[in-house]
Amino acid sequence: PPRILTLEEPVLHMDHCIAFAVHGNPAPTLHWLHNGQVLRETEIIRMEFYQQGEVSEGCLLFNKPTHYNNGNYTIVATNQLGSANQTIKGHFLEKPFPAVSGLFSFQMQYTPEFLCVDSKAFSFQVSIAVGLAAFACVLLVVLFIMINKYGRRSKFGMKG
C-alpha cells in the first residue's frame, strides 16, 4: 500500500511549494484536499511530480497565493492495495481587512472571482488611462507656452 514519506510546509522558491514524497507499488494515484474539499488544479494551483522507481516526489505549487489559500492541505495516495493520507497547514497571507469592532464596524467580503481581472478589459482601461495622461501633459505644455508668450506683455506699455 502507499506510504507518505515526507510532507513539508509551504516554501517559496519560484512559486510556493508544498513538497511531498510518496512510496507505493503499484504507483499510487495522488490527489489533494483543501480544508476537506477536493482541490482542483487551476492556473494558480497545480501539482508537479515525477516517479522514480516506487517513489513519487513533487510539489503542490501555488502561483501568488492569497489568504483564500490558507488552510489545511491533505495529500491522498491510493492504489489497489490501500490508501494513505497526511495533512499539513498552509499559511500564505493574512486577511487584508480584519474585522473592526465599534460603532462603524464593517467587514468587507471578497470572493476570489471578484479579484480576478479580465485581461482585455484591463488592457482597455490601461490604454484609456495612458491616453488621458498624455492629453493632460500636452495641454499643460501648450498652456505653459501661451502663458510665457502672452503673459509677459504689459497692458499699459510700461517697461519694467
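These are my notebook entries on what I looked up in this predicted model.

**Entry 1. The disulfide**

I searched the whole structure for disulfides and found one. It joins Cys17 to Cys59, with an S to S distance of 1.9 Å. I then asked how far apart the two cysteines stand along the chain. They are 42 residues apart, so I noted the link as one between distant parts of the chain: Cys17 belongs to strand β3 (residues 16-23) and Cys59 to strand β7 (residues 55-62). As a general reminder, a disulfide is a covalent bond between the sulfur atoms of two cysteines.

I next looked up the handedness of the bond between Cys17 and Cys59. The torsion about the S-S bond is about -65°, and the disulfide is therefore left-handed. Are the two cysteines buried or exposed? Cys17 has 4% relative accessibility and counts as buried. Cys59 has 18%, and because the cut-off for buried is under 20%, Cys59 counts as buried too.

**Entry 2. Strand β3 and its partners**

I turned to β3, the strand that holds Cys17. Six of its eight residues are buried, so β3 is largely enclosed by the rest of the structure. I listed its pairings one by one.

- β1 pairs with β3 in the antiparallel sense over four bridges, and Leu7 stands opposite Phe20 of β3.
- β2 and β3 run antiparallel and are joined by two bridges; Val11 stands opposite Cys17.
- β7 and β3 also run antiparallel, with eight bridges between them; here Leu61 of β7 stands opposite Cys17.

Cys17 thus has Val11 opposite it in one pairing and Leu61 in another. I also recorded that β2 leads to β3 through a hairpin of three residues.

**Entry 3. Asp15, ahead of β3**

Which residues does Asp15 touch? I first placed Asp15 in the loop between β2 (11-12) and β3. Apart from residues up to four places away in sequence, Asp15 touches Arg46, Leu61, Phe62 and Asn63. The side chains of Asp15 and Arg46 are joined by a polar contact of 3.3 Å. With 16% relative accessibility, Asp15 counts as buried.

**Entry 4. The four-stranded sheet**

I looked up an open sheet of four strands and wrote down its order as β5-β4-β8-β9, with antiparallel pairing. The edges are β5 (37-38) and β9 (82-90); each has a single partner strand, so one side of each lacks a neighbour in the sheet. Strands of a sheet pair through backbone hydrogen bonds, either parallel or antiparallel.

β4 (residues 29-34) and β5 pair over two bridges in the antiparallel sense, and the bridge partner of His34 is Gln37 in β5. The two strands form a hairpin with two residues between them. In that turn, Asn35 has a positive phi of about 50°. On the β8 side, six bridges join β4 to β8, and these strands run antiparallel. Trp32 stands opposite Ile75 in β8.

**Entry 5. The nonpolar core**

I then examined the largest nonpolar core, which has 18 residues. Which of them touch the most other members? They are Ile18, Phe20, Trp32, Leu60, Tyr73 and Ile75. At least two residues of this core come from each of β1 (3-7), β3, β4, β6 (45-52), β7, β8 (71-79) and β9. In soluble globular proteins, nonpolar side chains tend to be buried together.

I took Ile75 as an example and listed its contacts, leaving aside neighbours within four places in sequence. They are Ile4, Leu7, Phe20, Val22, Leu30, His31, Trp32, Ala84, Asn85 and Gln86.

**Entry 6. Asn69**

I placed Asn69 in the loop between β7 and β8. At 13% relative accessibility, Asn69 counts as buried. Beyond its neighbours within four places in sequence, Asn69 is in contact with His34, Ile45, Gly90 and Phe92.

**Entry 7. Residues 122-147**

Finally, I consulted the UniProt record. Its unreviewed entry places the feature "transmembrane region" at residues 122-147. I asked how much of this stretch is helix and how much is strand. In the model, residues 122-147 are 100% helix and 0% strand, and the end C-alpha atoms are 38 Å apart.

Conventions
Residues are numbered from 1 along each chain as its sequence is written. This is a predicted model: local features need pLDDT of at least 70, side-chain atom pairs count only at pLDDT 80 or more; totals for chains, interfaces and linings use all residues. Side-chain values use heavy atoms; hydrogens and water are left out. A disulfide is a pair of cysteine sulfur atoms within 2.5 Å. Buried means under 20% relative accessible area, exposed over 50%, partly exposed in between (1.4 Å probe, protein chains only). Two strands pair if DSSP finds at least two bridges between them. UniProt positions are given in the numbering used here, feature names are shortened, and annotations may be inferred rather than shown by experiment. A nonpolar core is a set of buried Ala, Val, Leu, Ile, Met, Phe, Trp, Tyr and Cys residues joined through side-chain atoms within 4.5 Å. Contact means heavy atoms within 4.5 Å. A polar contact is a pair of N or O atoms within 3.5 Å; within protein, one must be able to donate a hydrogen and the other to accept it, and residues adjacent in sequence count only if both atoms are side-chain atoms.
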